[in-house]
Amino acid sequence: MTRIYGLTGRRLPIHPQPLPDELFTHWFTRLSHSNGLKVQTLADRLFGYPSSFWARDQDKLASQQAIDALAEVTGQVPEDLLRLTLRPYGDYLYAKHNPFGNTRWILPLGVYHRTRRHGLQFCPLCLRSDVPYFRRCWRLSFYVECDHHHVLMLDACPNCKAPVMFHRAELGHRHRRGYPPTVNCYRCCFNLSWASAQTYDWADQQAMLAAQAAIFCHFRHSAFLHERTFESAQTFFDVLYLLCNRIGSSRRTGELYDWVQEQIRPHETRQINRRVNKFDDRPIWERARILEAAFWLLCDWPYRLNSAIRELNIYPCLLTPEQGERNTWLLEAMPLFD
């Protein structure tokens, strides 16, 4: 039985209900603060002192033992808490969930001791709601635009450029009653909801609608592209991920990015970093541009991609899945390249 110091029963006095699509670690932070505990204190008392709970990406890692311990002290159903983590995305977005390493479509936090990378995005307009909180979908690399407000996501404090680490906002407030809001930057205390919202300048309306449809459909574990409906969302997202990794890479297929930009933005040139191989490691504006290029190529399938490969003289084999990955419907267009 889990035991919390100072309590005579098994349950914490206050156990807030998870909000729609709330991120697991944000709910854990709300649980700690509502009971007058720091996040590290609650972790120490639940999992043993000293706990390394916050030294890992718990939204991706969260063990069954941790889920069961939290369910015991809050009265929540373990399955409901598991749905707050990123693990359920493995049921329809990708084939394998890697809790200890990189997983496709998941932004890496790069946890190293107390430092982290910009792996958590946020919509400043969503954080202005009556009950602000961080969503699970904000950890997805293809989620570059808020599906509700249609503004570009942010991944850093606009005031000091620090990554989002809401669990550290309590630091430096030892003698203060209560804890700062989780929407405050942990470094400079800037309220992230005050950040200016910017819209993404889509150059192609058809690509914009396809990208927004993909974000909309992932909530329903499905996918479609124009008149085509896929049996599983993973079937579609496998191809999208393959294209996003090939476009703009250091390989020959990286020329696809420049080719598409010439088609949709002939008077604007903005280069991306060709040394970054993984789509999930790129900053938001690069991911937005690459996604736009990928969806533009997928529209009017397969003739746009066919024209691009013919003009650039790219071998079709460079667009096939890596060794060990299953074949995708992208191969349907290959006979047209001969």
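Author: Let's start with charge: Lys and Arg count as positive and Asp and Glu as negative, while His and the chain ends are not counted. Each charge is placed at NZ of Lys, CZ of Arg, CG of Asp or CD of Glu. This is a predicted model, where local features need pLDDT of at least 70, side-chain atom pairs count only at pLDDT 80 or more, and totals for chains, interfaces and linings use all residues. Residues are numbered from 1 along each chain as its sequence is written, and side-chain values use heavy atoms, with hydrogens and water left out.

Reader: Okay, so how far apart are the mean positions of the positive and negative charges here?

Author: They are 10 Å apart, taken over 41 positive and 34 negative charges.

Reader: Which helices and strands does the protein have?

Author: Helices (H or I, at least four residues) and strands (E, at least two) are DSSP runs, numbered from the N terminus. This protein has ten helices and two strands, in the order α-α-α-α-α-α-β-β-α-α-α-α.

Reader: And how much of it is buried?

Author: Buried means under 20% relative accessible area, exposed over 50%, and partly exposed in between, using a 1.4 Å probe and protein chains only. Here 55% of the 338 residues are buried.

Reader: What about contacts between residues far apart in the sequence?

Author: A contact means heavy atoms within 4.5 Å. Of the contacts with a separation of 6 or more, 68% join residues 24 or more positions apart.

Reader: Now the aromatic rings: how do I read a pair of them?

Author: You describe a pair of aromatic rings by the distance of the centres and the angle of the planes. Rings of Phe, Tyr and Trp (its six-membered ring) pair if their centres lie within 6.5 Å; planes under 30 degrees apart count as stacked, over 60 as edge-to-face and the rest as tilted. That rule gives 18 aromatic pairs here. Take F28 and F53: they are stacked, at 4.8 Å centre to centre with 25° between the planes. F28 sits in helix α1 (residues 24-34) and F53 in the loop between α2 (39-47) and α3 (58-61), so this pair ties together parts 25 residues apart in sequence. Both F28 and F53 are buried.

Reader: Why is the pair of W105 and F279 edge-to-face?

Author: Their ring centres are 5.9 Å apart and their planes are at 80°, so the pair is edge-to-face. W105 is in the loop between α5 (78-82) and α6 (205-218), and F279 in the loop between α8 (255-264) and α9 (284-298), 174 residues apart. W105 counts as buried because its relative accessibility is 0%.

Reader: Which aromatic cluster includes them?

Author: W105 and F279 share one aromatic cluster with F142, F230, F236, F237, Y241 and F295.
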